[in-house]
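Trainee: Please pick one part of this model and go through it closely. I would like a single connected account, with the cut-offs behind the terms.

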Amino acid sequence: MEAFEYPIAAVPRTAVLVPWFKSKAFADVLRPRPVRIFRDGWGSDVAAFAPAAIAGTWEQWQALLRVSLPSLTHAVIVLWRPGQERLGEADRDRLWDVFRVPVFEQVIGKSGELLASECEAHDGLHLRSPRVPLENEYVDASPCPCGQKTSRIGCSQGTAMLKRIAAYAR
């Protein structure tokens, strides 16, 4: 079972602000990496950790938008539960305007497992588990620009169709 996953290869100091992960599973997956769980959310202990990236819920990020945070240098990671609505473009733009770092999304299951995650290509969320609810989701099975071959949700049907037409035209 996979837990939280940093979206890019070099993992910086990352603060995860939710208690969703079982510490054993989290430690097994992330032992050599500089990632810490702060089960009570943002506080002085997180500030002292001085994270370069932070993972938290959209509600936590909305609160952090109003707080003077030290400048992040790597990423904003928004964590969702299955069935919750994902970020809109205006939300992503707002996070970018404030923090000036890439924004990524991940869907985390009730047991703390990673169900879907966004890669550096920002072309949908790669399915990591068959337990992702796919009702009302468009699933794109074409290869992602990042090179992964896993199916993705959250891509626009029109964009996926244009990619297939462009590939066919080559």
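**The sheet and helix α4**

Mentor: Strand β8 and strand β9 (residues 152-153) pair in the antiparallel sense, over 2 bridges. Two strands count as paired if DSSP finds at least two bridges between them. Within this pair, D140 has R152 in β9 as its bridge partner. The model is predicted, so local features need pLDDT of at least 70 and side-chain atom pairs count only at pLDDT 80 or more, while totals for chains, interfaces and linings use all residues. Residues are numbered from 1 along each chain as its sequence is written, and side-chain values use heavy atoms, leaving out hydrogens and water.

The protein has 5 helices and 9 strands; here helices (H or I, at least four residues) and strands (E, at least two) are DSSP runs, numbered from the N terminus. Along the chain, the elements run β-α-β-α-β-α-β-α-β-β-β-β-β-α. The 9 strands of the open sheet are ordered β2-β1-β3-β4-β5-β6-β7-β9-β8, and their pairing is mixed. β2 (35-37) and β8 (139-140) are the edge strands with a single partner strand each, so one side of each has no neighbour in the sheet.

Further along the sheet, β1 (residues 14-16) is parallel to β3, with 3 bridges between them, and A15 stands opposite I54 of β3. On to β4: β3 and β4 run parallel and are joined by 5 bridges, with A53 having A75 in β4 as its bridge partner. Between these two strands the chain passes through α3, in a β-α-β crossover that is right-handed. Right-handed means that, with the strands pointing away from the viewer, the path from the first strand over the helix to the second runs clockwise. Strand β3 (residues 53-57) is mostly covered, with 5 of its 5 residues buried. Buried stands for under 20% relative accessible area, exposed for over 50%, and partly exposed for values in between (1.4 Å probe, protein chains only).

β5 is covered as well: 6 of its 6 residues are buried, so the rest of the structure largely encloses it. In a regular strand, side chains alternate between the two faces of the sheet. In β5, V103, E105 and V107 point one way and F104, Q106 and I108 the other, and all are buried. β5 pairs with β4 in the parallel sense over 5 bridges, and L79 has Q106 in β5 as its bridge partner. Together with α4, these two strands make a right-handed β-α-β unit. With β6, β5 runs antiparallel, joined by 3 bridges; there the bridge partner of I108 is L114. The hairpin of β5 and β6 has 5 residues between the strands, and G112 in it takes a positive phi near 85 degrees.

Now the helix. The buried residues of α4 (residues 89-99) are R92, L95 and F99. Seen down the axis of α4, they fall within an arc of 65 degrees, so they line one face of the helix; the arc is that of the directions from the helix axis to the C-beta atoms. An α-helix has 3.6 residues a turn, so residues three or four places apart point the same way. E89, A90 and D97 are exposed on the other side of α4. The buried residues of the helix pack against α3 (58-64), β4 (75-80), β5 (103-108) and β6 (114-118), where contact means heavy atoms within 4.5 Å.

After α4 comes R100, in the loop between α4 and β5. R100 is not a glycine, yet its phi is positive, near 55 degrees. R100 is exposed, with a relative accessible area of 51%. A second case is H122, also not a glycine, with a positive phi of about 50 degrees. H122 lies in the loop between β6 and β7 (125-127) and is partly exposed, at a relative accessible area of 35%.

For the protein as a whole, 44% of the 170 residues are buried. Among contacts between residues at least 6 apart in sequence, 48% join residues at least 24 apart.
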